[in-house]
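Good morning, and thank you for making time on the agenda. I would like to take you through one structure, element by element, and I ask that you keep the display in view.

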Amino acid sequence: MLTVPNLLTALRALGIPLFLYLVGAERYNLAVITLMVAGATDYLDGKLARLLNQGSRFGELFDPLVDRLYILSVLIAMFLSDVVPVWILLLVLIRDAVLFFLLIAMRRGGIPPFTVTFLGKAATFNLLYALPLLLLTATGSGALVDLAFIFGWAFAGWGIGLYLITGVGYARTGFKALRDSRN
(Lines give C-alpha, C1' and ligand atoms only; values in the text may rest on other atoms or scores of the structure.)
Protein backbone atom coordinates (compact mmCIF):
# COMPACT_ATOMS: atom_id res chain seq x y z
CA MET A 1 0.00 0.00 0.00
CA LEU A 2 2.84 2.42 0.70
CA THR A 3 3.90 2.96 -2.86
CA VAL A 4 4.78 6.18 -4.64
CA PRO A 5 1.59 6.11 -6.76
CA ASN A 6 -0.63 5.51 -3.71
CA LEU A 7 1.13 8.30 -1.81
CA LEU A 8 0.47 10.66 -4.74
CA THR A 9 -3.20 9.66 -4.69
CA ALA A 10 -3.30 10.28 -0.92
CA LEU A 11 -1.73 13.70 -1.48
CA ARG A 12 -4.41 14.41 -4.07
CA ALA A 13 -7.09 13.37 -1.56
CA LEU A 14 -5.67 15.81 1.00
CA GLY A 15 -6.17 18.57 -1.56
CA ILE A 16 -9.96 18.16 -1.42
CA PRO A 17 -10.47 19.98 1.91
CA LEU A 18 -7.88 22.57 0.86
CA PHE A 19 -9.80 23.18 -2.36
CA LEU A 20 -13.11 23.53 -0.48
CA TYR A 21 -11.52 25.96 1.98
CA LEU A 22 -10.09 28.08 -0.84
CA VAL A 23 -13.44 28.24 -2.63
CA GLY A 24 -15.18 29.16 0.64
CA ALA A 25 -12.61 31.92 1.17
CA GLU A 26 -13.19 33.06 -2.44
CA ARG A 27 -9.54 32.43 -3.30
CA TYR A 28 -10.52 31.07 -6.71
CA ASN A 29 -7.10 31.37 -8.35
CA LEU A 30 -5.51 29.26 -5.58
CA ALA A 31 -8.41 26.81 -5.80
CA VAL A 32 -7.73 26.41 -9.52
CA ILE A 33 -4.02 25.85 -8.83
CA THR A 34 -5.01 23.16 -6.31
CA LEU A 35 -7.07 21.46 -9.01
CA MET A 36 -4.18 21.70 -11.45
CA VAL A 37 -1.85 20.02 -8.96
CA ALA A 38 -4.51 17.36 -8.39
CA GLY A 39 -4.74 16.77 -12.12
CA ALA A 40 -0.97 16.43 -12.41
CA THR A 41 -0.79 13.93 -9.54
CA ASP A 42 -3.69 11.99 -11.05
CA TYR A 43 -1.76 11.68 -14.27
CA LEU A 44 1.53 10.85 -12.52
CA ASP A 45 0.23 8.19 -10.16
CA GLY A 46 -0.94 5.99 -13.02
CA LYS A 47 2.22 6.55 -15.06
CA LEU A 48 4.45 5.81 -12.07
CA ALA A 49 2.45 2.73 -11.11
CA ARG A 50 3.15 1.26 -14.53
CA LEU A 51 6.73 2.53 -14.79
CA LEU A 52 7.75 1.34 -11.31
CA ASN A 53 5.59 -1.79 -11.49
CA GLN A 54 3.78 -0.62 -8.35
CA GLY A 55 0.23 -1.22 -9.47
CA SER A 56 -2.03 -2.58 -6.76
CA ARG A 57 -5.66 -3.46 -6.27
CA PHE A 58 -5.79 -0.81 -3.56
CA GLY A 59 -4.53 1.80 -6.03
CA GLU A 60 -7.02 0.65 -8.67
CA LEU A 61 -9.85 1.34 -6.20
CA PHE A 62 -8.37 4.34 -4.35
CA ASP A 63 -7.55 6.42 -7.44
CA PRO A 64 -11.06 6.44 -8.97
CA LEU A 65 -12.56 7.02 -5.51
CA VAL A 66 -10.45 10.15 -5.08
CA ASP A 67 -11.41 11.22 -8.62
CA ARG A 68 -15.11 10.87 -7.74
CA LEU A 69 -14.62 12.80 -4.48
CA TYR A 70 -12.86 15.59 -6.38
CA ILE A 71 -15.56 15.81 -8.99
CA LEU A 72 -18.28 15.80 -6.35
CA SER A 73 -16.49 18.36 -4.16
CA VAL A 74 -15.79 20.65 -7.08
CA LEU A 75 -19.36 20.44 -8.35
CA ILE A 76 -20.79 21.16 -4.91
CA ALA A 77 -18.42 24.10 -4.42
CA MET A 78 -19.22 25.44 -7.86
CA PHE A 79 -22.96 25.03 -7.31
CA LEU A 80 -22.69 26.92 -4.02
CA SER A 81 -20.68 29.60 -5.85
CA ASP A 82 -23.41 29.86 -8.55
CA VAL A 83 -21.02 28.69 -11.28
CA VAL A 84 -22.95 25.54 -12.33
CA PRO A 85 -26.68 24.80 -12.21
CA VAL A 86 -28.20 22.21 -9.90
CA TRP A 87 -29.09 19.83 -12.74
CA ILE A 88 -25.41 19.11 -13.42
CA LEU A 89 -24.81 18.35 -9.76
CA LEU A 90 -27.88 16.08 -9.65
CA LEU A 91 -26.92 14.15 -12.80
CA VAL A 92 -23.48 13.34 -11.42
CA LEU A 93 -24.83 12.49 -7.96
CA ILE A 94 -27.49 10.14 -9.34
CA ARG A 95 -25.00 8.40 -11.63
CA ASP A 96 -22.49 7.87 -8.84
CA ALA A 97 -25.15 6.78 -6.33
CA VAL A 98 -26.52 4.13 -8.71
CA LEU A 99 -23.03 2.79 -9.41
CA PHE A 100 -22.11 2.88 -5.71
CA PHE A 101 -25.06 0.70 -4.72
CA LEU A 102 -24.48 -1.56 -7.70
CA LEU A 103 -20.85 -2.03 -6.60
CA ILE A 104 -22.04 -3.02 -3.12
CA ALA A 105 -24.39 -5.63 -4.63
CA MET A 106 -21.60 -6.90 -6.88
CA ARG A 107 -19.21 -7.20 -3.95
CA ARG A 108 -21.78 -9.15 -1.94
CA GLY A 109 -22.18 -11.46 -4.93
CA GLY A 110 -18.43 -12.01 -5.15
CA ILE A 111 -18.21 -10.09 -8.43
CA PRO A 112 -15.13 -7.93 -8.99
CA PRO A 113 -15.64 -4.19 -9.46
CA PHE A 114 -15.84 -2.54 -12.86
CA THR A 115 -12.80 -2.25 -15.03
CA VAL A 116 -12.26 1.41 -15.84
CA THR A 117 -12.76 2.04 -19.54
CA PHE A 118 -11.06 4.50 -21.86
CA LEU A 119 -14.33 6.46 -22.12
CA GLY A 120 -14.53 6.55 -18.32
CA LYS A 121 -11.04 8.04 -18.19
CA ALA A 122 -11.96 10.49 -20.96
CA ALA A 123 -15.05 11.57 -19.00
CA THR A 124 -12.99 12.19 -15.87
CA PHE A 125 -10.35 14.02 -17.92
CA ASN A 126 -12.97 16.31 -19.47
CA LEU A 127 -14.65 17.04 -16.13
CA LEU A 128 -11.36 17.67 -14.33
CA TYR A 129 -10.45 20.20 -17.03
CA ALA A 130 -13.92 21.74 -17.27
CA LEU A 131 -14.37 22.41 -13.59
CA PRO A 132 -11.30 24.60 -13.02
CA LEU A 133 -12.04 26.53 -16.22
CA LEU A 134 -15.60 27.16 -15.07
CA LEU A 135 -14.32 28.14 -11.65
CA LEU A 136 -12.11 30.76 -13.32
CA THR A 137 -15.30 32.41 -14.59
CA ALA A 138 -16.00 33.43 -10.98
CA THR A 139 -12.81 35.51 -10.88
CA GLY A 140 -14.07 38.48 -12.84
CA SER A 141 -14.47 39.44 -16.47
CA GLY A 142 -12.44 39.92 -19.60
CA ALA A 143 -11.22 37.92 -22.57
CA LEU A 144 -9.52 35.22 -20.47
CA VAL A 145 -12.67 34.69 -18.42
CA ASP A 146 -14.74 34.55 -21.62
CA LEU A 147 -12.40 31.89 -23.06
CA ALA A 148 -12.51 29.95 -19.79
CA PHE A 149 -16.31 30.01 -19.98
CA ILE A 150 -16.40 28.74 -23.57
CA PHE A 151 -13.80 26.01 -23.12
CA GLY A 152 -15.08 25.13 -19.66
CA TRP A 153 -18.58 24.46 -20.93
CA ALA A 154 -17.23 22.59 -23.96
CA PHE A 155 -15.25 20.27 -21.67
CA ALA A 156 -18.23 20.07 -19.30
CA GLY A 157 -20.62 19.06 -22.07
CA TRP A 158 -18.34 16.30 -23.29
CA GLY A 159 -17.44 15.28 -19.77
CA ILE A 160 -21.02 15.06 -18.53
CA GLY A 161 -22.11 13.25 -21.67
CA LEU A 162 -19.29 10.71 -21.43
CA TYR A 163 -19.78 10.42 -17.67
CA LEU A 164 -23.42 9.48 -18.17
CA ILE A 165 -22.70 7.17 -21.11
CA THR A 166 -20.02 5.32 -19.15
CA GLY A 167 -22.33 5.20 -16.14
CA VAL A 168 -24.94 3.41 -18.25
CA GLY A 169 -22.24 1.09 -19.62
CA TYR A 170 -20.90 0.26 -16.16
CA ALA A 171 -24.44 -0.28 -14.87
CA ARG A 172 -25.29 -2.64 -17.74
CA THR A 173 -22.09 -4.59 -17.09
CA GLY A 174 -22.82 -4.76 -13.37
CA PHE A 175 -26.45 -5.83 -13.75
CA LYS A 176 -25.45 -8.46 -16.30
CA ALA A 177 -22.75 -9.81 -13.98
CA LEU A 178 -25.27 -9.98 -11.12
CA ARG A 179 -27.82 -11.71 -13.33
CA ASP A 180 -25.21 -14.20 -14.62
CA SER A 181 -24.01 -14.96 -11.09
CA ARG A 182 -27.55 -15.98 -10.05
CA ASN A 183 -27.88 -18.45 -12.92
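I shall begin with the first helix, continue to the second and its partner, and close with some separations along the chain.

Please note at the outset that this is a predicted model.

Let us start with helix 1, which covers residues 4–24. Its 21 residues should span 30 Å at 1.5 Å a residue, and its end C-alpha atoms lie 31 Å apart, which agrees. The helix does bend, however: at Ile16 there is a change of about 25°, and a proline, Pro17, follows within four residues.

Which residues of helix 1 are buried? They are Pro5, Asn6, Leu8, Thr9, Arg12, Gly15, Ile16, Phe19, Leu22 and Val23. Ile16, the site of the bend, is thus among the buried residues. As a general point, an α-helix has 3.6 residues a turn, so residues three or four places apart point the same way. The cover over the buried residues of helix 1 includes helix 2, helix 3, which is residues 57–80, and helix 5.

One of these buried residues deserves a closer look. Asn6 sits in helix 1, and its relative accessible area is 5%; because the cut-off for buried is under 20%, Asn6 counts as buried. Setting aside residues up to four places away in sequence, Asn6 touches Met1, Ser56, Phe58, Gly59 and Phe62.

Ahead of helix 1, in the segment that precedes it, we find Leu2. Is Leu2 buried or exposed? At 78% relative accessibility, Leu2 counts as exposed. Its C-alpha atom is 9.6 Å from that of Gln54, although 52 residues separate the two along the chain.

I turn now to the loop between helix 1 and helix 2, where Glu26 is found. Just after helix 1, Glu26 takes a positive phi of about 55°. Most residues other than glycine have a negative phi, and Glu26 is a residue other than glycine with a positive value. With a relative accessibility of 58%, Glu26 counts as exposed.

Helix 2 comes next. It has 24 residues and reaches 34 Å from its first C-alpha to its last, close to the 34 Å expected at 1.5 Å a residue. Its buried residues are Tyr28, Ala31, Val32, Thr34, Leu35, Ala38, Thr41, Asp42, Asp45, Gly46 and Ala49. What covers them includes helix 1, helix 3 and helix 5.

Leu48 also lies in helix 2, but its relative accessibility of 22% places it as partly exposed. Beyond its neighbours within four places in sequence, Leu48 is in contact with Val4, Pro5, Leu8 and Asn53. Of these, Pro5 and Leu8 are among the buried residues of helix 1.

Asn53, the last of those contacts, lies in the loop between helix 2 and helix 3. What is its phi? Phi of Asn53 is near 55°, a positive value in a residue other than glycine, and Asn53 takes it just after helix 2. Asn53 counts as exposed, at 70% relative accessibility.

Next, the pairing of helix 2 with helix 5. How do the axes of these two helices cross? The axes of helix 2, residues 28–51, and helix 5, residues 118–136, come within 9 Å and cross at roughly 170°. The two helices are therefore roughly antiparallel to each other, since angles over 145 degrees are placed in that class.

On the helix 2 side, the residues that meet helix 5 are Tyr28, Asn29, Ala31, Val32, Leu35 and Asp42; on the helix 5 side, they are Leu128, Pro132, Leu135 and Leu136. By class, this contact has eight nonpolar residues, one polar and one charged. Several of the helix 2 residues named here, including Tyr28, Ala31, Val32, Leu35 and Asp42, are also in the list of buried residues of that helix.

Finally, two separations. Leu48 and Met78 are 30 residues apart along the chain, and their C-alpha atoms are separated by 31 Å. Ala143 and Leu164 are 21 residues apart in sequence and 31 Å apart in space, C-alpha to C-alpha. Ala143 lies in helix 6, residues 143–182, and at 59% relative accessibility Ala143 counts as exposed.

That concludes my presentation, and I welcome your questions.

Note on methods:
Residues are numbered from 1 along each chain as its sequence is written. This is a predicted model: local features need pLDDT of at least 70, side-chain atom pairs count only at pLDDT 80 or more; totals for chains, interfaces and linings use all residues. Side-chain values use heavy atoms; hydrogens and water are left out. Axes are lines fitted to C-alpha atoms, for helices over the stretch in contact, and angles run from 0 to 180 degrees between N-to-C directions. Angles under 35 degrees count as roughly parallel, over 145 as roughly antiparallel, 65 to 115 as roughly perpendicular and the rest as oblique. Contact means heavy atoms within 4.5 Å. Ala, Val, Leu, Ile, Met, Phe, Trp, Tyr, Cys and Pro count as nonpolar, Asp, Glu, Lys and Arg as charged, and the others, Gly among them, as polar. The expected span of a helix is 1.5 Å times one less than its number of residues. The bend at a residue is the angle between axes fitted to the seven residues ending there and the seven starting there. Buried means under 20% relative accessible area, exposed over 50%, partly exposed in between (1.4 Å probe, protein chains only).
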